[in-house]
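Here are a few short exercises to try with the model in front of you. Have a go at each task before reading its solution.

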Amino acid sequence: MRIKTEDKIVHMGRRKMDERSLIGQKKYGATMMDEIEGQKKDLNRFLVDVQEEIMDALLYIQAARVCLQDEIEEAMLRRIEVRDEETL
């Protein structure tokens, strides 16, 4: 299937999905379709996987927010230090 969009973001996302698929195939020794056809996974198991991935994503978001807040606070402190040095 040829992708018709010229949106570079879409193409970047597709490449990342392809890379993730190859990593998963290497790690688990099967494609998702292999897991379905071989009845290794059913709908419930896929839904559990999705739920676990979403929970992980929420934790990554929280960790990123903490990092961002730390960076903002550090930048504000540096700004105050520079301003204080300028007034001396």
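Helices are DSSP runs of H or I with at least four residues, numbered from the N terminus. This is a predicted model, where local features need pLDDT of at least 70. Residues are numbered from 1 along each chain.

**Exercise 1.** Check whether the span of helix 1 agrees or disagrees with its residue count.

*Solution.* Helix 1 covers residues 8–28, which is 21 residues. The expected span is 1.5 Å times one less than the number of residues, so at 1.5 Å a residue helix 1 should span 30 Å. Its end C-alpha atoms are 30 Å apart, which agrees. Now look at both ends: at the start, a side-chain oxygen of Asp7 comes within 2.8 Å of the backbone nitrogen of Ile9. After helix 1 comes Gly29, with a positive phi near 70°.

**Exercise 2.** Find where Gln39 sits, and say whether Gln39 is buried or exposed.

*Solution.* Start with the loop between helix 2 (32–37) and helix 3 (43–87): Gln39 is there. Next, take its relative accessible area, 70%, which means Gln39 is exposed (buried is under 20%, exposed over 50%, partly exposed in between, with a 1.4 Å probe and protein chains only). Last, check phi: for Gln39 it is near 55°, a positive value in a non-glycine residue. Most residues other than glycine have a negative phi.

**Exercise 3.** Classify Leu58 and Gln62 by accessibility.

*Solution.* Leu58 belongs to helix 3, and its 53% relative accessibility makes Leu58 exposed. Gln62 is in helix 3 too, but at 43% Gln62 is partly exposed. To finish, pair Gln62 with Asp34: they are 28 residues apart along the chain, and their C-alpha atoms are 34 Å apart.

Terms used. Predicted model: local features only at pLDDT ≥ 70, side-chain atom pairs only at ≥ 80, totals over all residues. Heavy atoms only, no water. Helix = DSSP H or I, 4+ residues; strand = E, 2+ residues; numbered from the N terminus. Polar contact = N/O pair within 3.5 Å; in protein donor to acceptor, adjacent residues only side chain to side chain.
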